[in-house]
Structure formats: C-alpha cells, structure tokens
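Colleague: I'd like to see how the labels people put on a structure are earned. Can we go through this one together?

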Amino acid sequence: MPEYMLLLYAPETEKPEDRWADMSLWSEVTESLRKAGLLIANNPLHPVTSATTVRVRGGETELTDGPFAITKEVLAGYYVLNCADLDEALHHAARLPTARHGSVEVRPIMNTSEIPAPGPDAGPVDVNGRSRAENDDG
C-alpha cells in the first residue's frame, strides 16, 4: 500500500495548554490508526522558535533562526500512514483535531523507484543517489 504523509499545520500559540487541549482525542485517533495497521510514524514538533532554516546560495550555507516563511500557521507535527489510496488518507486526515482549527496537508511519499535517474542511460537510484545495480552488488 502507498504511504502518505499528513503534515499538521496549526495556528502558532504562546500558551502550551492550547496546543495539548485535545490530547484525549489525539490519543483516540492515534490508537485507532495503530490498531488498523495504518500508522507508520507520528510525532509533534517543538515550537517554531526552535527551527533553523538552511539554504545554500552561491556555494555558501546560510542559517536562519526560525521557519523560512512567515505564516499564521506553523508545521506542528506529522503522521505517516500506510493507506490503500488517497481517499483513505484524506478520511483519516479529517479525523485529526488539527483539521478543525488549522489544516492537514496530505501528500503521497515517493517510493525510491520513483526518483528520477541522473542520466539518460542510468537506472533507478535509491535515496542516497546510488544506482539500484550498485545496491544489488553489495
């Protein structure tokens, strides 16, 4: 089954109690996804103030404290689910409490066989850029 990443965007809040107010519902949904065999991974993220954005421009690495974009919503966490199709992933995204006060972006995760090869005669590559033939040899 394909894997889908559910990116949880929530309004940034200065009050930690706001962030964890729906904890019982989070636990209920998470446990139901686990029991159904759909949950691969999930975690909340630290506040956006702990983020560092990395950019490389002209061969120079630039580090910026905080997120790249200034928005009213911040990436608060994620779920990775193994769903039959996009419709099933969207169904579960709508169950997450963040969907009520923020948003949940659902995106399919690329399989390594979907990563384009670097040249016209090269075969598929893995996430480290090695050809699949190299991996098969050892």
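Colleague: How do you know that the span of helix H2 agrees with what 13 residues should give?
Modeller: This is a predicted model, by the way. The expected span is 1.5 Å times one less than the number of residues. For the 13 residues of H2, residues 23–35, that comes to 18 Å, and the end C-alpha atoms are 18 Å apart, so the two agree.

Colleague: Which residues of H2 are buried?
Modeller: Trp26, Val29, Thr30 and Leu33. Buried means under 20% relative accessible area, so each of these has to fall below that cut-off.

Colleague: What makes them line one face of the helix?
Modeller: Look down the axis of H2: the buried residues fall within an arc of 95°, so they sit along one face. On the other side, Ser24, Glu28 and Lys35 are exposed.

Colleague: And what covers the buried residues of H2?
Modeller: The cover includes strands E1 (3–11), E2 (39–44) and E5 (73–82), along with helices H3 (86–95) and H4 (98–101). H2 lies across E1, E2 and E5, and runs at about 160° to E2.

Colleague: How many aromatic pairs does a search of the whole structure find?
Modeller: It finds 1. The partners are Trp26 and Tyr79.

Colleague: Why is that pair called stacked?
Modeller: Ring centres must lie within 6.5 Å to pair, and planes under 30 degrees apart count as stacked. Trp26 and Tyr79 are 6.2 Å apart centre to centre, with 15° between the planes, and that fits both limits. Trp26 lies in H2 and Tyr79 in E5, so the pair ties together parts that are 53 residues apart in sequence. Trp26 and Tyr79 are both buried, too.

Colleague: How do you know that E2 and E5 pair?
Modeller: Two strands pair if there are at least two bridges between them. E2 and E5 have 5 bridges, in the antiparallel sense. One example is Ala41, whose bridge partner in E5 is Val80.

Colleague: What is the order of the strands in the open sheet?
Modeller: The 4 strands go E2-E5-E1-E6, with antiparallel pairing.

Colleague: What makes E2 and E6 the edge strands?
Modeller: E2 and E6 (103–108) each pair on one side only. As for the twist, it averages 20° from one strand to the next.

Colleague: Which residue just after H2 takes a positive phi?
Modeller: That's Gly37, with a phi of about 75°.

Key: Residues are numbered from 1 along each chain as its sequence is written. This is a predicted model: local features need pLDDT of at least 70, side-chain atom pairs count only at pLDDT 80 or more; totals for chains, interfaces and linings use all residues. Side-chain values use heavy atoms; hydrogens and water are left out. Helices (H or I, at least four residues) and strands (E, at least two) are DSSP runs, numbered from the N terminus. Buried means under 20% relative accessible area, exposed over 50%, partly exposed in between (1.4 Å probe, protein chains only). The arc is that of the directions from the helix axis to the C-beta atoms. Contact means heavy atoms within 4.5 Å. Rings of Phe, Tyr and Trp (its six-membered ring) pair if their centres lie within 6.5 Å; planes under 30 degrees apart count as stacked, over 60 as edge-to-face and the rest as tilted. Axes are lines fitted to C-alpha atoms, for helices over the stretch in contact, and angles run from 0 to 180 degrees between N-to-C directions.
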